[in-house]
Amino acid sequence: MMRRLDHGGAIDRADTRRFTFDGRAYEGAAGDTLASALLANGVKLVGRSFKYHRPRGVFTAGPEEPNALVELRSGARREPNTKATTIELYDGLDAASQNRWPSLEWDIRAAHRYLSPLLSAGFYYKTFMWPAAFWEKLYEPLIRRAAGLGRASGEPDPDTYETAIAFADVLVIGAGPAGLAAALAAARAGARVIICEDDFHLGGRLLSEPHSIDGRDALDWVKDAVRELQAMPDVRLFRRTQIFGAYDGGEFGALERVADHMPVPPAHMPRQRYWRFVVKRAILATGAVERPIAFADNDRPGIMLASAARSYVNRFAVRLADKAVVFASGDDGWASAFDLAASGAATTIVDPRDDVAPELTAKAGKLGIRTIEGRVVGSEGGRHGVRAAIVESTQGRETLAADLIAVSGGFNPAIGIATHLGDKSVWSPAQAAFLAAENNRVATPVGAASGKFGLGDALRGGHAAGAAAAADLGFAKAPGERPTADNETAKLTAFWHVGASAKAFVDFQHDVTVADIELAHREGYRSPEHAKRYTTLGMATDQGKTSGVIGHAILARLSGQADGPMGTPAARSPNSPVALGALAGPHRGKHFRPYRHVAGHRWAVANNAVMVEAGQWLRPQYFPLPGETDWLQSVTREALAVRTSVGVCDVSTLGKIDVQGPDAGAFLDFVYSNTFSTLPAGRTRYGLMLREDGFVFDDGTAARLGPEHFIVSTTTANAARAMQHLEFCHQVLRPDLRVTLASVTEAWSQYAVAGPKSRALLQKLLGDAFDLSNAAFPYLACAETKLGNATIRLFRVSFSGELAYEIATPAQYGAALLDALMKSGATPYGTEALGVLRVEKGHVAGNEISGQTTAGDLGLGKMLSAKKDYIGRTMAKRPALIAADRPTLVGLKPVDATQRLRAGAHFLALGAPATTANDEGYVTSAIYSPHVGSWIGLGLLKGGTSRIGQHVRSYDPVRGGDLVVEIVSPVFIDPAGERVRG
Amino acid sequence: MADPIVLTVETAFADLLKPAGDTRDPGVTVREVTASQIATILARGAIAGLADGPKRMSRDGADYLGIGPGKWLAFGPVAPAIAASASVVDQSGGYGVLEISGRDAVATLQKGIGIDLHPREFAPDAVAVTTVAHMGVIVWRGEGDAWRLAVFRSNAASFWHWLEASAAAFGMRVAKD
């Protein structure tokens, strides 16, 4: 019977933890994992396999677990594929098995095992090839339902996550004996150290194996080491934290399970924290993962790794078995057998080696352990687990009653992280293991991770690596005394599998058998990478930590390689699954990325604005009034208010660049296609910037506030890019010009005040201090003055085609200025009405300045100065950019005024079939024009202005639009420009 | 004649500052620094007394933070001698400035700032132009354990969300300027 031992172990029996598994209530103790608590309660069957739904039990005692995957918690917190071997037991824990129906014990899909001939290696590629149409509708849903790795909750995660960064001189990965020795040495020498342990207890294998260090109990040494490390101010010690990846520049990704060991995180505590550790040196003390030996029916519950059995006995005080068989080809398996015997199991060791050290056999004899030179070739048992081991030896075949078979085929150093930057691992026949190649760029492996399996070597290697890392970084203090211990005997003969049964499992998580690997090899998938893809060996949540190397060794044998595996696929990050929530941290929902608010944001929200994203900015799109049911109704009202009275639009998001210096004018001449040096102070001019390749880059106005002072305005979308462009032009192309550039977009709030009553409104606000009359402040004038206590800048510019001004003030006054403007009775208008007004006026915007249009295309050819050099001048003259048949800007009006025009529709000559060859351009902007009384648009049409008066077809197959439009001038309102000058 | 208009000043974090988490023993204190004058100083040649580099310098009652070659952010009135050989561009409304202090200030900041704030690496007069949660930020040290951060005014709400989320675990109180 499996049960809890009466004494021993790193558990606190007094601190009981109640939990449920598949609805049944159990009790465990503080210090348990879910797996150890289940075993202590006699629960062997914990899951069903992925493909054949075979009953499976706990196989390991760590993150390499392939079998014991559970759904942890319920409701929105349900987390599938959680390894029972790593879940720290808490009071109230609620877990369920997965991949079974209706229950774990009676799983209907266990019938899949009878389909196993069909589900062998490559079945995915073979079985479902035909008919192709069945894939999406039939096969894939079928496979997805059957081949389960648990279910996500489908609900929003109620918990929070965060990200953080920590820096250190030395990172030590793993807090076992080697890691602790390394951290102590580096820290004592004066280095800043991060030591990081995946487990919730520190000590690594010392928790599971009885050892002495410096002549006393190893766990006492661990306690002292931890105490010393915690007392040092520049040491950070992380538990429950897994390094999941190594990245360039000494950066490591780590996941700290901050509150996973609690039912619900306390207020303000994140469930998990994603760390980025940036370090100068790293030491890999991750230990090693035991690998099993494959034999027929080696996957029954009750068959587990020998080192795991030892952990459950020693660390978790679980009596695992009455009768145990240990199948081992190395000395470490014997150590496990000794501990099993000590826990009260009648134990037999089966070892294929003929050269086992006499001390071991003598010790076994003393403990009453039977030893057999032979091999386990199969198991017997039922749904609830193994009942017997079938053993073959020179004495023949015998069936040994056993409720535990512990398997030990050697150790794989946990070097996954060391290969994340592409460094190789190499097979070492001496250790029968893959080791990190010399001079690994990620980290220095020590202890078992370096293939040195003895405790004495681990302490020596850890101490030396810690001291060397610190010394290398210039820390001169003494690294302290090296802890010492004996090396235990660790001889091993690599032994991979017995026979080639279709039930000899290599990869438990993906049900890959020895026979599958042989089949893959026969079919030509001979390299480890190919065989991995074909058989799925080493995939899924455990990434083949127990299985991969065996599979590769089998491939090697099939290829006639006697020395062991030819190679193993490089590990990639993440080393263990990482929840996306942890990577996102607090950046969820609308906080996915930062957003930008104008100073008038609160006013806009308070006034019912519907906001639209413009890059990171949130801008008011329109302001619905009570009773308005449709955006178009609001937008039309706002546009009409500007045409007939006065409206105010927040244009603070437009880029503003302060350009100063004696050569400011010359610099603007260089970056704009038109001339600015001749602009008098107090005047504003519309300007066009080209890219080097001759296409239009951006447009806007530049105002000359003084002889050496301009304010350049850019579009919202190009604000940052324009600033970069100007910096580049100055620093790289024209460093000779005496000019300074500063972005002042953030520093100023700016409002367009537009409409026939705009002057009256502003004049009232400004009072007698500033004369806005046409004579004193004509179209395109600019000035800096005061409004009460605040500096303001006035620009008489118009995007709407109406009499209009823009008024700017330092942003700390922005909200107050907006308030003052709105109290004067203006109608607020948003980006939609702004768009309506500019289309009516024929002004181009981002839709037209698309990066594919030239100044000529946009009807702005006259802005290309012939008298000076400027960016893009030469390239704009390339033949294709001045070709006569380029699509150019036109206005569009549906012939049937009731029809709606849509942007994106393409132009076709009337009667021409809708083919790409007949394409004549497209609609760039379309709006409903209250001024015209119908939908109108702007577009780029081949032949452009020469076709005014013609009819063309506007064809929009995506949204089913198909109408005839008349080509008209792009300026629908006030073509003479009287309003802006009025 | 109407009364002369007065436009009231609104600081970047004015409507955002509020305590976060359990504030009985707060690990973090935040205060909005309502500096009245901030300006970008762009050298038009060598400026006597201002050296290039990411350092904070104090000159005649103003602090100058080196934020780029020939470029400083000045807090306080710019000395005429400096203004004479530079372009001085007002940025007073362009930034929100927070002072973050307390025993967990650094732990809070390192949830967003990707540079090393350890005293070995970040000297008392150091300045860094870096990012927090994809937002530009200028970082320097204030008095004692205090840190100062300048962020663009438009990012104040997003920055505050990050700060609140990051400091709540430690408890954050708001101090008055």
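I'll start inside chain A, where E34(A) gives three residues to the lining of the second largest cavity, the largest share of that lining. Bear in mind throughout that this is a predicted model.

The cavity itself holds about 100 Å³ of space. Searching the whole structure gives seven cavities of 30 Å³ or more. Which residues come closest to the centre of the second largest one? They are A:Pro620, A:Phe623, A:Cys649, A:Asp650 and A:Leu818, out of 15 that line this cavity. Two or more lining residues come from each of these elements of chain A: helix H14 (601-606), strand E33 (617-622), strand E34 (647-650) and H19. As for chemical class, the lining has eleven nonpolar residues, two polar and two charged.

Next, the interface between the chains. On the chain A side, 51 residues are in contact with 45 residues of chain B. The two chains bury about 3900 Å² between them, and carbon and sulfur atoms account for 54% of that. Within chain A, the residues that lose the most area to chain B are A:His268, A:Glu746 and A:Gln812; together they make up 16% of what that side buries.

Now the polar part of the interface. Between chain A and chain B there are 23 residue pairs in polar contact, counting pairs with both residues at pLDDT 80 or more. Which elements of chain A give two or more residues to the side that touches chain B? Strand E9 (161-173), strand E35 (655-660), strand E39 (740-743), strand E43 (804-810) and helix H19 (814-823) do. The most comes from E9(A), with six residues. Helix H19 therefore turns up twice in this talk, once in the cavity lining and once on the side facing chain B. By class, that side of chain A has 24 nonpolar, 15 polar and twelve charged residues.

On to the charged pairs. Over all chains the count is 66 salt bridges, and eight of these lie between chain A and chain B. One of the pairs is A:Glu162 with B:Lys111, whose closest N and O atoms are 2.9 Å apart. Another salt bridge links B:Arg120 to A:Asp169, with 3.4 Å between the closest N and O atoms. Why does this pair join two chains? B:Arg120 sits in the loop of chain B between helix H2 (105-109) and strand E8 (127-132), while A:Asp169 is in strand E9 of chain A, so the pair spans both chains.

Last, two items of backbone geometry, both in chain A loops. The peptide bond joining A:Ser573 and A:Pro574 is cis, with omega about 0°. A:Pro574 is found in the loop between helix H12 (548-558) and helix H13 (580-584) of chain A. The other item is A:Arg240, a residue other than glycine with a positive phi, near 50°. Where does A:Arg240 lie? It is in the loop between strand E13 (235-238) and strand E14 (241-247) of chain A.

Technical notes: Residues are numbered from 1 along each chain as its sequence is written. Chains are lettered from A and ligands numbered from 1 in the order in which they are written. This is a predicted model: local features need pLDDT of at least 70, side-chain atom pairs count only at pLDDT 80 or more; totals for chains, interfaces and linings use all residues. Side-chain values use heavy atoms; hydrogens and water are left out. Contact means heavy atoms within 4.5 Å. Buried area is the accessible area (1.4 Å probe) that two parts lose on being put together, summed over both. A salt bridge is a side-chain nitrogen of Lys or Arg within 4 Å of a carboxyl oxygen of Asp or Glu. A polar contact is a pair of N or O atoms within 3.5 Å; within protein, one must be able to donate a hydrogen and the other to accept it, and residues adjacent in sequence count only if both atoms are side-chain atoms. Helices (H or I, at least four residues) and strands (E, at least two) are DSSP runs, numbered from the N terminus. Ala, Val, Leu, Ile, Met, Phe, Trp, Tyr, Cys and Pro count as nonpolar, Asp, Glu, Lys and Arg as charged, and the others, Gly among them, as polar. On a 1 Å grid over the protein atoms alone, a cavity is a set of points where a 1.4 Å probe fits but cannot get out, and a pocket is an open set with protein on both sides within 12 Å along at least five of seven lines; lining residues have an atom within 4 Å of a point. Grid points are joined across faces, edges and corners, and a volume is the space filled by probe spheres set on the points.
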